[in-house]
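Got your viewer open? Grab the mouse and let's take a walk through this one, one selection at a time.

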Amino acid sequence: MMMRKPFIEVVEIYKKFGDVIALNGVSLEIYPGEILAVLGENGSGKSTLAKILYGLYFPDKGYIKVDDVVTVFSSPAEAKNRGIFLVSQRPQLVDDMSVLENVALFLNTSPSRDLKKKLEVTLRDLGMAIDVDRGVYTLSYTEKQFIDLVKALITQPRLLIVDEAATYLPRELKLKFLDIIKKFAARGGSVMYITHKILEAIEMGDRFIVLRKGDVVGVFEKGVDVTTIRRAMFGSEEYLTTFKRSPKKITHESFALSVENLIVFDEHGKPSVNDVSLNVRSGELISIVGIAGNGQKELGEAIAGLRKAARGRIMLNDNEITHAPASERIKKGLIYVPEDPFREGVAMGLTVAENVKLFSQSKVSRELLDALIKKLDVNPSNPFINVAKLSGGNIQKVSLARLLLTTPKVVVAYSPTRMLDERSKTLTLSILQRLAESGSAVLLLSEDIEEVLHISTRLGVMVSGKIVRFFETPDLESCREDIEKVMVHA
Amino acid sequence: MPKVAIVKRELSKIATALAKVLVILLGLLLAATLTSIATGNTLKLISITLFQSFTNLNVFVYISTLLPTAVGLSLAFSANAWNLGAEGQLVFGAIGATFIALFTPLGRQEIIAPIAALIFASFLGALWALPAALLKMFRGINEALTTLLMNFIAYYVANYLVKGPWRGRTVYGYPTTDMIPIESRIPTAPGYSFSWYVVVACIAIAVLLYLFLYRTRVGIALRALGSSIHFVELSGLSSKKLFLIAFLISGALAGFAGGVKILVYHKKLVEGPIVGGGYGFTSIMVSWLGGLNPLFVIPASYYTAALYILSFGLQIGSAAVGDALSSTIVGFLLALILLADFLTRYRIVIRFR
């Protein structure tokens, strides 16, 4: 143990995008058999670091040593050759191809029967029931994320860079997955585990590095506590607010949003939303939670108008909108925060200012724009850079700006905090809660019970396309175990 | 073995522009040198031909057609509307302008005639783009194919008109219409076959469309359509309406260019392939050269126009290098733009170990 050599060393890496310094002389090393947790708030440079190690970006200064040899990766292919694989927060899959074809493409082999068997076995071991011949476009974000992770593991890498990829997996799968990563490390593999979730990092990491605005601001050994890491991540300022569920103030007796006997088919003609009815009054915040792939995504998209309703009715303030195009529903006062910020939440080719301009029916002044960016803590704060240059979490923050421009009648959000660090997550949930208090009807769809438990007035559990049970008590936390049981076993 | 890597880089906007100009100038010099070696002409002669092509006022003849068409296309392409039918829309614009000038009483009214002719030309251009847009919106039929095929229909409609009902009485059987009345022609610059009015109008159109695309909500939404249809819908703007707007504007501008060709250049309707002259296709390239930004399409159309003149100048001027070599040079100079674009976005890293 004394004389062990690191598998990879990162030496004084410096990277700038335009005027934005993403990494400001970062050095670290990862030993075989070690899980190095890299922490930082949204936009701290974590993903940039991962992409440099994987050959996607080229550092402006500094170098990488693999097995003590100075190396420059100019493409992921070269990194892959050295046994380095990245699983990113944005699944790297070709939508038009099947799962099997995607994996074959990644491994540079043909989609043979052997590969299919290997893949099916791996998936079965992980308890994931995904048909490998399915087109990737039919998978939910979570399923894609998972396939991306499996794709890297199947190659038996030497260094696995996990960039927020496991963060959003459903609890059960995530535990299994983290276990596999740990086993991978125990067999001598190196892991760079990137996350903004402190507890998860503490659970996984052997060592910890904290980044803030491109600088390494803390290096910790196992045994470090949450507060120490949090302080390093965010500075000393106090930001955590505790949620108080305000007593229900129902301003209207009628329903702002009502869904009646809704049936929605998936790409294969199977009902993914099966006879769902629910009503949300103004001032209510209702959550629908369930394990990924149980129909929440399709329910949200059907309400927003991105997916056809096969049967049933959707009413917005007593107007039927079942067959209206999405744009019309938005004009009528519905706001939908989509699941995938990259594809639906923002237009990647436009600047932050242009994106915000599109969210608002009225003119957006420079002052308002700056105020929004400040409030949402979008980093970098320059509104005139392309959204594509922001980190994942910051892109999601831009997408959330739509919530702050009006007081909408109805808000439907799908896992809005999935990509956000603690501070932004708290902020987002408090925005949703405040919208409900000021009279919006809020429907929060989620795969993450943590996200919804503290702020919902009512909570439904969705399993196999049906809402199997509603929980409605002032103290939902006490029902947590029951809720989890229903999610898994119904 | 030295290791060669291609690495992305980001230059500031000014540095990018300067680098591109520099690459192009160096390329021109290289092209002139190679041509002089290949043909035995002196470098001076070739350089003069090059210089003259870029300073010849006749570039405006080509700019008057390429610029409005390419600006319209850059708007359509930004919105992911693959209108490859500018050629046909241009021909229909020409038909529209001829119709007003020859067959309506408006044709003999000064000032009103060219304006009415251009408006109707734009209208017919948009109309010719409409079926493809509707087929895409309501039946999901690929608009690139339909617009492309509609080009040839437009050619034949024009051919039918000039050989049939519209054939002129004073043209000795040639397949053209009669000349349009003087009142409906747009006055040209003395000694040239372009009009300053049109040039100014074309540049104004480019600037206006830039402001539309980058400053208005609808324009920004059009550009967002290229990133994500769902995003645009979720912002409360109808993606179908936007698609239609993009299509119709691009059709109208191609029609406008066709009208200009009749009122300024041909002064009568001629056969479809002659009116179109491939400008509708070249404009596709011009709009991409300009990076789909209407402002950059201005220099792109100038550069392309100069190459048209260069190609003729090399063949018939004192250099007389022949068709093959002249096409090679023009192709080389177009490829230079791609090289300049590449070099400003990537750098090449060579490491020896």
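Which residues have the most contacts inside the largest nonpolar core? Select A:Leu432, B:Ala97, B:Leu242 and B:Ala246: those are the ones, in a core of 179 residues. Keep in mind as you look around that this is a predicted model.

**Stop 1: the big core**

Now colour helix α10 of chain B, residues 239-266. This helix gives the most to the core, with 17 residues. Next, zoom in on B:Ala97. Setting aside neighbours within four places in sequence, B:Ala97 is in contact with B:Ala117, B:Leu118, B:Phe120, B:Ala121, B:Gly258, B:Gly259, B:Ile262 and B:Leu263. As a rule of thumb, nonpolar side chains tend to be buried together in soluble globular proteins.

There is also a second, separate core, made up of 67 residues. Among its members are A:Ile13, A:Leu53, A:Leu93 and A:Leu159. We'll come back to A:Leu159 shortly.

**Stop 2: chain B as a whole**

Hide chain A for a moment. Chain B has 14 helices and 2 strands. Its radius of gyration is 22 Å, close to the 20 Å that the globule rule gives for 353 residues, so chain B is as compact as a globular protein of that length. Turn it around: the C-alpha trace spans about 80 × 60 × 30 Å along its principal axes. Of those 353 residues, 47% count as buried. If you take the contacts in chain B with a separation of 6 or more, 78% of them come from residues 24 or more positions apart.

Now select helix α1 of chain B, residues 13-39. How far apart are its end C-alpha atoms? They are 39 Å apart, and that agrees with the 39 Å that its 27 residues should span at 1.5 Å a residue. Which of its residues are buried? Pick B:Ala31, B:Ala32 and B:Thr35. The buried residues of this helix pack against α2 (43-55) and α14 (323-345) of chain B. Step just past the helix and you land on B:Gly40, where phi is positive, near 80°.

**Stop 3: where the chains meet**

Bring chain A back. Here 24 residues of chain B are in contact with 27 residues of chain A. On the chain B side, the elements that give two or more residues are β1 (3-8), α8 (217-227), α9 (229-234) and β2 (346-351). Highlight α8 of chain B, since you'll want a look at the top contributor: this helix gives the most, with 7 residues. Colour the chain B side by class and you'll find 10 nonpolar, 8 polar and 6 charged residues.

**Stop 4: chain A as a whole**

Chain A has 17 helices and 20 strands. Its radius of gyration is 23 Å, close to the 23 Å from the globule rule for 490 residues, so chain A is as compact as a globular protein of that length. Along the principal axes, its C-alpha atoms fill a box of roughly 70 × 55 × 40 Å. Some 49% of the 490 residues count as buried.

Try colouring chain A by confidence. The average pLDDT is 86, and 95% of the residues score at least 70. Confidence is lowest in helix α17 (residues 480-489), at a mean of 79, and highest in strand β3 (residues 35-39), at 94.

**Stop 5: back to A:Leu159**

Select A:Leu159, in strand β7 (residues 159-163) of chain A. Is A:Leu159 buried or exposed? Buried: it has 22 C-beta neighbours inside 10 Å, and the cut-off is 20 or more. Leaving out residues up to four places away in sequence, A:Leu159 touches A:Phe7, A:Ile8, A:Ile30, A:Gly83, A:Ile84, A:Ser190 and A:Met192. Add A:Leu53 to your selection: A:Leu159 and A:Leu53 are 106 residues apart along the chain, with their C-alpha atoms separated by 9.9 Å.

**Stop 6: some backbone oddities**

Most residues other than glycine have a negative phi, and most peptide bonds are trans. Now go to the loop between α13 (366-376) and α14 (392-400) of chain A, where you'll find A:Pro380. The peptide bond from A:Asn379 to A:Pro380 is cis, with omega near 0°. A:Asp377 lies in the loop between α13 and α14 too, and its phi is positive, near 55°.

Finish at A:Lys213, in the loop between β9 (207-212) and β10 (215-221) of chain A. Phi of A:Lys213 is also positive, near 45°. With 17 C-beta neighbours inside 10 Å, A:Lys213 counts as partly exposed.

Terms used
Residues are numbered from 1 along each chain as its sequence is written. Chains are lettered from A and ligands numbered from 1 in the order in which they are written. Two residues are in contact if their C-beta atoms, placed from the backbone, lie within 7 Å. Helices (H or I, at least four residues) and strands (E, at least two) are DSSP runs, numbered from the N terminus. Ala, Val, Leu, Ile, Met, Phe, Trp, Tyr, Cys and Pro count as nonpolar, Asp, Glu, Lys and Arg as charged, and the others, Gly among them, as polar. The expected span of a helix is 1.5 Å times one less than its number of residues. A residue is buried if 20 or more other C-beta atoms lie within 10 Å of its own, exposed if 12 or fewer, and partly exposed in between; C-beta atoms are placed from the backbone. The radius of gyration is taken over C-alpha atoms; the globule rule is 2.2 Å times the number of residues to the power 0.38. A nonpolar core is a set of buried Ala, Val, Leu, Ile, Met, Phe, Trp, Tyr and Cys residues joined through C-beta atoms within 7 Å. pLDDT is the predictor's confidence in each residue, from 0 to 100.
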